[in-house]
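Open the model in your viewer and keep the selection tool at hand. Each stop says what to pick and what is there.

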Amino acid sequence: MKLQADGRKVRGEKRRAEIIEATLRVIERDGVAGVTHRTVATEAGVPTTSTTYHFSSLDDLLVATLISCARDMATEVYWMIDRARSRGSRGAEEVAGLLAEALGPRRGRTMAEYELYLLAARKPELRPAARRWLDVLTSMVRHDDEVAFRVFLAGIDGLLIQGLIDDEPPSADELRPVVDYLLKPR
């Protein structure tokens with residue numbers, strides 16, 4: 001009997017993840033305004049009742065999507081930090097590469113994530129989820145100077161926003177000098 005219950009739980013978690021991924025695809029294509037239980041269900045290839053079962057409100061769905069984005073970013077940043085440390089690097093090359101990837105091949109996903117992030121300015125119930133990625137980054141990165149670290153994070157946000165409105169995404173080589181500057185000890 002326990003195996004059956006575990007199987008249902010695993011299927012439920014898988015379905016929930018599929019719905020979150022579908023939500024991101026809808027946002028990439030149509031923006032947050034395009035997110036409804038019906039559009040997400042269609043994108044995920046599931047009945048609308050499945051989206052409403054797992055996420056009773058759109059806010060629940062958007063919060064779960066923001067948390068998922070934060071978790072994915074945290075994993076990516078963790079491995080980037082690990083690679084930089086293993087090479088004895090301060091991380092400028094790795095950060096520039098991550099930004100170039102976010103603004104190039106993953107541009108639509110980055111735009112969707114920022115749109116969700118900015119939605120939290122209008123919807124207070126989304127703010128804890130939007131702040132989560134900052135909390136995760138702060139906990140992962142050793143820093144002695146809180147102000148310098150906040151300047152670094154603000155600079156990264158600025159580079160991403162500027163890169164999203166550029167006609168051509170910047171390359172890692174173009175981003176590297178700016179990232180180097182942001183990482184300079186103060």
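Select Phe-149 first; it sits in helix α8 (residues 146-165). Helices here are DSSP runs of H or I with at least four residues, strands are runs of E with at least two, and both are numbered from the N terminus. At 7% relative accessibility, Phe-149 is buried. Buried means under 20% relative accessible area, exposed over 50%, and partly exposed in between (1.4 Å probe, protein chains only). Now add Leu-183: 34 residues separate it from Phe-149 in sequence, yet their C-alpha atoms are 8.6 Å apart.

A note on the source: this is a predicted model, in which local features need pLDDT of at least 70 and side-chain atom pairs count only at pLDDT 80 or more, while totals for chains, interfaces and linings use all residues. Residues are numbered from 1 along each chain as its sequence is written, and side-chain values use heavy atoms, leaving out hydrogens and water.

Zoom out. The protein chain has nine helices and zero strands. Its C-alpha trace spans about 55 × 40 × 30 Å along the principal axes. Of its 186 residues, 39% are buried.

Go to helix α2 (residues 37-44) and pick the buried His-37, Val-40, Ala-41 and Ala-44. Look down the axis of α2: these buried residues fall within an arc of 100 degrees, so they line one face. The arc is taken from the directions from the helix axis to the C-beta atoms. On the face turned away, find the exposed Arg-38 and Thr-42. Just after α2 comes Gly-45, with a positive phi near 75 degrees.

Next, salt bridges (a side-chain nitrogen of Lys or Arg within 4 Å of a carboxyl oxygen of Asp or Glu). The whole structure holds 14. Select Glu-28 and Arg-109, which pair at 3.1 Å, N to O. Glu-28 is in helix α1 (residues 2-30) and Arg-109 in helix α6 (residues 107-122), so the bridge ties together parts 81 residues apart in sequence. Arg-109 is buried at 18% relative accessibility; Glu-28 is partly exposed at 34%.

Move to Asp-180 and Arg-176, bridged at 3.5 Å, N to O. Four residues apart in helix α9, Asp-180 and Arg-176 are separated by about one helical turn. Salt bridges with shared partners join Arg-87, Glu-93, Glu-94, Arg-176 and Asp-180 into one network.

Last stop: Asp-173, also placed in helix α9 (residues 172-183). Asp-173 is exposed, at 68% relative accessibility.
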